[in-house]
Each structure stands twice: as C-alpha cells, then as structure tokens.
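Colleague: Could you walk me through this one slowly? I am still learning how to read a structure.

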Amino acid sequence: MKKIVNELEGLPTKIDSVKFGILTEQRARELSVLKVSKREIYDINTEKPMVNGVLDPKLGLSSPGELCETCNKTLQECTGHFGHIELTLPVFHPGYQKMLVKILQTVCKKCSRILLPEKKIFLYRISGKNIFNDEILFNEAKKNQTCFYCGYTNGVVKRGIGTKIIYSGYDLNPLVVKSLLSQIEDYDLLNFNKRGCNELEQNIFGEGTAVYPSGDASVRPHLNKNFSLFTDIVVSTVLVPPACSRPSVKTEEFGSNEDDLTIKLSEMVQLSSTIVNSLTTSSLILLLNDWELLNNTFSSYISGNTLRSLLTRLKGKHGRFRNNLSGKRSDYTARTVISPDPLLSIEQVGIPLQIAKVLTVPEKVTEFNIESLRRHVLNGPKKYPGANFVINKENKRISTLYNKKIFLGDVVERHLVDNDRVLFNRQPSLHRLSILSHFVKVVPNKTFCFNVSVCAPYNADFDGDEMNVHVPQTLFARAECNLMRIKENLRSPKDNQLIIMPNQDFITSMYLIGREYFDEVSFYTYLFEVCHASQDYEIAKSVRPSMLRPTRIYTGQQLLSAIFRKHKLFESLMTKRMLKQCLSQMSSSEIVIAENCIARVSARFIGERGFSIGVDDLEYRNQGNKAVRIKSLIGECVREIDPDNIAELSSVRDKMSKTIKLLPDNSALIMAESGSKGSKINITQMMAMVGQQVINGQRVPLSYSGRSLPHYRDGETYITEMSTTTEGAAGCCSGPGAMHNNEMGRTVMTGGGCNENGENSPGNRGIAFGTMNDTSSRTGSANNTHEIDPGTDAQREKDLQHCEEKMLFRGFIKNSFFTGLNAFEFFFHAISGREGLVDTAVKTAETGYMQRRLIKALEDLKLCFDGSVRGTDCIIQFPNPENSYFRKGFQPGDALGAIAAQSIGEPGTQMTLKTFHFAGVGSMNITLGVPRLKEIINASACSTPVIRITGVHKGLNDMRQINDAVQPLRIENVVEAIEINISESIYADFRTKTKYLSLNETIRERLEKRYKSEAFIHNGCVRMYLDVNQDSIYTLNDMKQQVGKIFLRGVATVTGTVFNNVETENVNGKEDERHVDGVAGTKDGNVRHKRARKDSSPVCADDAGPEFELLAEGTGLQEILGMPNVKSALTNNIIEIESVLGIEAAQRSIVNEIVFTLKSHGIEINVEHITLLADLMCFKGKVNGITRFGIKNFKSSPLMLASFEQTGEHLFDAAANNKCNEIAGVSDSIIVGGIIPVGTGGVSIYHDDRNQN
C-alpha cells in the first residue's frame, strides 16, 4: 500500500473541508458557558466586569494580568469562550430575510403546504431538489395564490424597509400588529407575527407535515439534504462572542472604551428584560416599541453599516477575509529605499549591515558547522557576523547575550551573511517577476542596492522607491528560492521575451564603445572588468591588437567580442535591438555573465568618457555645422495637410522627425538611435515643433461662443464656421411655411411664410412646404469633392494663412521646447498634460481592480501532466500532447491561470483610458484601451459596435449596393418636401425624390400604420388625409416632430456606415489586410475624397480601383449576414456574436478583440494566455463575465467567493443550504493555512511500503 508522506514534521492536522450551516438554538447552548442576563458591563463598586454580564470573566479575558475563570489560562493562552442571550421575543435574522420571504411566498399561510400541485411536489421529492433554490418552480409557486390543498386564498408577501415583511398590505412587524396582539397565542398565520413564523416553519418541516402526501417519513432526509431547517432563521437565542474578540480598553480616568459589539449585546439584554416588563404590565405601545427596537438592535449587531458589526468585520479590504486570512503579516522582513550599484551581479542584492544584524537565518548545529556557528554565538548580537538567539532542544529561545554555549541539535539564529538566499519584492506586485530571489551581499550602506539591469521586472526606478526583503526560515523555503532566482526568470512568461537586460546608460555605453579606439592600457583596464565579472582570465590571452604601429591600438568591437564570445566582430554599432538578439541566443548562465560584464564595463567607460546633453544639442545644424532655420521646413509640411483632420495634424510631427538630419555626435540622437532612451519624436518636439495637442481623442474643444480660448476676438469665430460645408441648398426653406432640417437634424415645420427679417408673415396659411435633406444618397458626386482651387499666388498665400490660423486655433503648437511656447500654446499643452495626470490616476485604480478580478477567476487553473488545463472541479482545456505550453517552457503543475491573469492585467498599466480613431477615418471611433478591455472581460455590451462587411465583389460600386441595403432609410431621407393643405379637409402630400419613387408603397403603409388614416399614391406623391376634429392639431404636431423618423428599409440598428480601402498583400502565403488612407467615408455611408494636395492626384472611385469593405456602426449582424452579395460580416460586439453565431464564435471573438486592443497599444502577449481566459469565460455554454456575478457561475467554493466580494451574501447562502466547502482551491488553502495545490504544492511524495514486513 502507498502512503502519502507528510511534507513537514509537526504539521498540524490538515483541514480537508469546511461545513456551513445555520446556528441552532440547541447548538448555541452547547457552545455557551454562560447565560448573559445582566445589562451592566462593569460593577460600579468593584470596577470589575459584571458577573453574568457581557464581559463576565467566564467569557475570556480582554486585559492582561488575570486568569480566565473557565479554563484558568492567561490572556496569551486563552482563546475565549462563548456565552448566550435568551431573547424574550424572537427576531428576524437580517442575513436570511431574503430567503424567509422567498419561503413565505411559496407556501400556504393556512396549511403550510407548498403552492404547487401534488404531482410536481412528488417529482421534486423523489429528485431530492431544493424547491426554494429552483427559480422555475419558485416562480410558478409564487404565482399561485389559491392553495391546492385547503383552497385558502393567500395574500402577497414582499420585503419591507429594513427587516420588515409586508403581507397583504400590512407591515408585519411589531409596530403594525396591535390589531393582532390578542391573537399572538393563537399562532394564526394571517396575523403573521414572529412566533407565527416559527410555527409556520414547524408546520412545513415538522412531523406529519402535508408536504409529504404519502406519509413516508423516510423521504424527508433525502428532500432535506440540500438546505437547513428554517426554524433557525428566526432567532430566539443570540450567541455572545468571547471577550477577547471585543476587548475593553480602560481609560486613565474612571471608565472604559467598549467595542460596538459589546454595546449592542448589552442593549439586547436590556431590551429583552424591558419586554418582559411590558408583557406583565400589558402595555401594548411599550411592547411594540421595545420589540421593534430589539429587532433593529439585533440587525445592527449582525450587519449594521454605522458601526463595526459582525458582517463589517468580515467584508471589505480591511475585513477578516482579505486582511487577515487571504493576506497575512510576516516576520523576518525589512524595507528601505533602493539605490543602483552596477558592480553587483544581477543575481545579488546589497543588504545594509544594520539590517543584516537584525534579520536572522535559523541554522541547525551539526558536526560540520558547529565551529562556524560557535564563532557567530561568541560574537553575539552586536558584533558582525554574529547570532541573536539560540533555540535549545527544550525549544527554549535564549539570547546570545546570556548564553555562549551550543550543542549538536541546537538551532542558532545567526546574522545574514554573503550568499544567503533572500526574496526581493517591490509593490505593487503585478506579476510573478515582482518577487525574485537574490544572493545576499552585505554592504556598509543604508539602502538596498542591486544592478540596474534588474529594474524591469520590478518596474523600479531610483527616485525614492522602497522595496522589501524576506528571509526564508525553512529548508523547504530556501529550496524553492532556487526556482525564483534571477537565472531562472530572465524571460517573462507573458511573451517569452528577455526582460532582465541592460538598459539606458548601459546601452548608450555599448553603442559608443562600438566606435571607440583604445590604447593598450585603457583596453586592458576594461578587459579586466570582463575577466573579473566572468571569472575567466584566459580571455586576455586571446586578444590581439588591431594596429601594431606606431602604437598598439584596440577597437571597441574587440571589447564587445570579448563580452559576446560566440559572435565575431560586429558589423554595425550595438543598439538595444541587437543587444537583445545577441542575449536571446545565449543560455541562462551565459546571459548572467554577459550582463555582469556589460554592467561593469559600461559603468567604468561612461564614467571615464563622460556623456551629457546640453542646449547646443537642441540647435538644428546641417552637415557644415551651421545653424538652420527650421521654420521653413515646418511651413512645407503644413501646406500639405487638411487643418480639420486630426490624423493629418498629428502626422506633421512625424514627417518633421524624418526630415531633420542631425550630426552623428548629437547626444540626443545617440540616445534615440541606440534605443537607450527617447525617440526621434522627442527630438523633434525639443528642436522643431511640439505638434498637435490631442484632448480626449480630439482637437482642443470649443466653448459655447465658438472659441477655444476667451482671449481670441469674437471675429475669429469665423474659422469654425468655414469648416462646416453644406450640399447645395439642402435644408433651406424654399417657400413660406417650410419644413426643413435644422442643425441638429430635426425636421422643423413652420406654419406660415417668413419675411426677409426671418419673422413670420401672415397670408398663404393654407399651404406650407419645405425641403428635406438627403443624407444617404450622396455617392461621391462633384458636390461632395471639396478641392481647393490654387488661384493666384496671393489667394494661395491667403488660404495657407487661413489654414494655419485654423490649426493654431485648435491646439497646434508650431514652436519647440527649445524656442519656447507662447501663452496660448502653453495653455493648450497644459490641457493635454492635465489629461495625462488624471488618466494615470484613474487608470491605476481601474487596472488594479481588473487584475484582482482576473486573478480570482483564474487562480486555480494549472497545467497537468497530460497537457490538460484543469481547475479544482473542471477541465478548461482537454489533453493535448502537442500543447504549446510545453514548447514555451511551462512545466506540469505551473499555475497557468495566475500567469495568464498577470500577463493580461500587468500591461494594462501601459494603456490609456481614451477612445481612438478607427483605421484613420475621422468619422468613426471605437473604444480602445482600458475601457475596451473592461468591456470584454466584463462580457458587457460594446459601447461602439462596428460590423465589418466584406462583399462577394469588393469594388466600390458593388459595396455601394450593399451599403444601400444596410443603410437605414427614413422618411426624412427620401422625401424632399411635405405639402399640407388645410381647407375643408386636411391632407398632406409627401413628395418623394425621383430616385426613391419605388418606396412610395412602403411610405404609404408606414403612414397608415402610424396615424391610422387612409393614404394613397397620387401623382408620384403619397397623400394622407387627416380627420377634421379636435385631435387634428395633435396629429399635425406629432407629424412635425416625428414623421421624418419613420423607418422604411435597411437595418434600423445601424447608425452609420463608412467605406474603408483595403490593401491586399500576400505575406508568407497568407492574406494580410491593412487599413490605409485612400478613400475615406462619412457616417452616412458616402465616399469622401481627400482634398487636393501638392504633387498628389485625386483618388479614383470605380471598379478598376482598389478593393473596399463596408464598416457599419451599430448592431444587426444576423440581418446583414442574410443579405445578398455579402460574403462575410463580423462585429466587435461579443454578446451579439454569441446570440447569432454561438458560444464557440464568441470564444474566438474574445481572443481576437483582446489581441486587437493590446496590439493597438503596442503590447503583445502569448495568445495562449488570452485563449485560456476566453475558454474560462465560455466553458459553461454561455459567456460569463469576470465580475462578482459571473465568477459565481463557475466557482462553487463559498470561502473563495466570500474572500472576493459580497462576503455576507455568500456565507449566509452557504449556511442556509448546508454547503460543504472542499479545501481544494488556492484561496481556500490560504484561508485555512494550508499549502496551495499548484506549483510545488501540487506534488505529493508517496512511500511504497508493500515490500516491508
């Protein structure tokens, strides 16, 4: 037989499961050692806790210096004892109120039978289901008011305010039962007092209850296995917690500060005794008042929000679950500021001597180490290296100040010494690499020191950051430190890319070394650093000078070759990308040596050579080292842009960065080209121009007066007016009493004509007509192609000046940081800067909560030996021998769920909270960044849904046909005028545009359906007669407001369409679709040509041109897929994909949308991590969001759910349903102090004793 071997000697009994249930009165009395009956807390005469009071010494101790009267132990030894309070009248439990109401809505108030036919009751009896947890049966029973057994008609039961319950309009609490007071002893269910509730529950589940029509009592345990007896929901006995859990703090004067629970318990004792007096004196008003107050006091004791109630102490960030059970305080830790030290190995951490004397390592005395440990003990706690304590065989801890002797078997707590193992951590710990193992190097500093190359995994910098050190205390912990050492974690599990590598000054040094020449002394000085870091001094013997005469000269490339021995001389200068490629080809041990060499050489080289940036580096000079006016270059770029297109405005800076040519020795250029810091864009902003300021994805917004700043004159508002163009005379009145589209797109009807001053004029009252704008029929006509006529030089210069004014007016900064910003530019720049600060602050909270939800949902998932990914009670991914996890270095037992959650959540801090333009088209935006990631993870509806439609034929004319079918048409789009005749009869003629005459019949049907009046087609118009009565004015008013919105055809849920040019290329045998600037679209589905530019030709819009796709803003995927000539359609709305295409398509969509969102911010992670998240969200057959409501659909552990959110709800639900929590998950194991079942904790050692006697 194989027996499991206990991992640790002396390990306490392992908790396998936790059972939940409702506390019964019998159990409360069994746990109690005292019946509390006195309301006084302290005896006034003796100033000691009152006997039989809420702080009776039998309940335990709350202050030192005394012994417990129950167990005779001290404060440190006594765990406390429970007491109980017997209430005179029972009260409702606030945690079970919802369940109690549900029960009362399901049973008859006279005979206590469930309000269902006997057949259905019998089916549930034999299936063993809990009817009160089955929503279908509960809803059916709730609808039945007449009992099937006794015929009694039941009233409506619902929850009231607080803990009140309302039945048939009566407030069923002591305040409203004065008319029922005489019937309390009768337990009449219609009176519905609290004693009646107890009797009702006894009738439901007691002996001989009508719930079991067969009379067979043997089925009762089978029916009752999934829920508790409901008699305990109504509380008659209150359990008093031990005194040590609610300590009493005495003040300097006479008195004490008492815990909130103590106060409430004392109040319940007082109210209970007061109710007894009210019963004896037959004072109805006092009885009702005291009874309600008792009910409210008990409710506050359990779940009050104004004080520290029992539930308040459990839930929240500072509650017992999250603050004391899921997260625990630890000893043998230190925290201080960090500082860089390039001379340390990347595997070392410098520990200050002062800290090394306090943090100790327990080491058992053996015959091999007794001499060294004896020296530590003799040095004592103050002399380094020494020891602080000795633990002898009797397990007594003695200070080395008083004991200098040690024996074999003793444990010595010695000081930290070099090469000890410690854990190094920086908070927030966003991913696994935020805590790593280092070797100790004791240094005479006051700060923790480590190599700058290790900043990336910690996301640390040296501007005052603090970090933590943890010293492992057991051999098992030290062994696991080997898995967390730097050498084993050089690559991030997020994307398998090298994360621990040289940065900033190190890269600059490598770049400069590549073009340096050294004399023999200097070269061997640097080469010695390489030999010292690699501990290989044979390297110096193999290096030969590059030049022998007139003096020996060595090159920087030779020095680099000594560091990277597998590489020959590099053909170009060393950049960050080249450095990463070289290191990625090495083994882990070689990478550690190479990075140590780079750190030592770079620190020495850049310290001796020097490297700085000054004002002279920001002055633009040509190859002749002469200053050049850069304004002329900016002017050339400005001439070619559209001042209303934010994408083009933002691209000016990019074009300038490509235009500027700097000298090779420019410090800013060296940093940008080497990849150590900054980019060409930063250089452009410093030297040439800051560029367009983007606020919330748009240009600087305008005020109500049409100005971006109040400092502009009123006359300058014409700039914004000229940016709006209209098509012909559409929307203008063509006669008196016109109906037209105003600026907001509403259809407006006027009763009479207008004079030249815009005032209403009398006359011609009978007929009014107007023109309606067509927003869907514009198809790239000449009116839609806005081109600038070059004209004369003067006109061209004026137009250029006008365009420049429009740019500067909306946040375009022409000056650079070198030349300085003017007042307006400075303010625009400050707007953008403030947005960045607010964005960072909000983003931190958003991403932190999102990562916590991801971790909780995925924490139990691990990789198994067969290649499957499993949770505690489910299989997320089935076995696959070719699982890509194995190919990427993961091993069986790895916590893939936690790694996936960290890989998705940690990059979220690099994302923004804004909406960005889609495919370079300014007329359509989609949500990106953190908001979009939240939408996907929460499985909520997409805020900006877009359907991408591909046709069988992708020519522009073919896609226009699909657009005509998709684009929603309403009466305002197809009718050019409405004529209303008011005479003996009232009728309206809807004059349809010529191209839409075929829709007249549809218009007639829609009008008849809307206005319930006869309509017919007359002379190409649709005429509708209105009844002449007092309601005619209301009909005309409704027609004025709503007739233009009547839907005719298309997809009603689509709000706009855009044509997108698609450039198709074959890349590696695959078709790659990219969005490029070509023919842009408008929100009404029209093609809009680019404005004419210098040296550019207009874009052709015919079938011989490029291929197009249609982007439809809105929903309606199913309707679009059924249209002819549509090859495919895909939306970014995951909920719509699930409803139309099914759960597997939704799973794939989740993966694609997360990948797209991350890539839009330059973030790439292993798609396996995203697939795992999508599989978890969909494996139940529907999309479940990673929210408090979604997680409970695929997590069954009450402890795990209670440690996440809604602590009270999950605990009360588990108790009411007698749930048993098997300790198998990560959160469960941490809460009970066990070993988590993943990683090294997921492996057990077995001993085969079959061959033993």
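Colleague: Where does F1194 sit?

Modeller: F1194 belongs to helix 38, which covers residues 1188-1194; helices (H or I, at least four residues) and strands (E, at least two) are DSSP runs, numbered from the N terminus. Please keep in mind that this is a predicted model, in which local features need pLDDT of at least 70 and side-chain atom pairs count only at pLDDT 80 or more, while totals for chains, interfaces and linings use all residues. Residues are numbered from 1 along each chain as its sequence is written, and side-chain values use heavy atoms, with hydrogens and water left out.

Colleague: And is F1194 buried or exposed?

Modeller: F1194 is buried, with a relative accessible area of 5%, where buried means under 20% relative accessible area, exposed over 50% and partly exposed in between (1.4 Å probe, protein chains only).

Colleague: What is F1194 in contact with, leaving aside its neighbours within four places in sequence?

Modeller: With those neighbours left aside, F1194 is in contact (heavy atoms within 4.5 Å) with A857, L1176, F1179, K1180, N1184 and I1186. Taking K1180 from that list, its C-alpha atom is separated by 7.3 Å from that of F1194, and the two are 14 residues apart along the chain.

Colleague: Ok, new topic: which strands make up the open sheet with strand 31?

Modeller: That open sheet has 3 strands in the order 30-31-32, with antiparallel pairing, and two strands count as paired if DSSP finds at least two bridges between them. Its edge strands are strand 30 (862-863) and strand 32 (875-877), each of which pairs on one side only. Strand 31, residues 869-870, pairs with strand 32 over 2 bridges, and R870 stands opposite I875 of strand 32.

Colleague: Which helix packs on that sheet?

Modeller: Helix 37 (residues 1167-1178) does, touching strand 31 and strand 32, and its direction makes about 140° with that of strand 32; the axes here are lines fitted to C-alpha atoms, for helices over the stretch in contact, and angles run from 0 to 180 degrees between N-to-C directions.

Colleague: What about a hairpin, say strand 39 and strand 40?

Modeller: Strand 39 (residues 1015-1018) and strand 40 (residues 1021-1026) run antiparallel and are joined by 4 bridges. The hairpin they form has 2 residues between the strands, and N1019 in the turn has a positive phi of about 50°. I1017 has V1022 in strand 40 as its bridge partner.

Colleague: Why is helix 29 said to be largely enclosed?

Modeller: Helix 29 spans residues 929-938, and 7 of its 10 residues are buried, so the rest of the structure largely encloses it. L933 and I936 are among those buried residues, and just after the helix A939 takes a positive phi of about 55°.

Colleague: Last one: which residues touch the most other members in the largest nonpolar core?

Modeller: Of its 68 residues, I351, L416, F424, L527 and F564 touch the most other members; a nonpolar core is a set of buried Ala, Val, Leu, Ile, Met, Phe, Trp, Tyr and Cys residues joined through side-chain atoms within 4.5 Å. Helix 19 (residues 588-609) gives the largest share of this core, 8 residues. A second, separate core of 63 residues includes I899, L933, A1112 and F1204. Across the protein, 47% of the 1253 residues count as buried.
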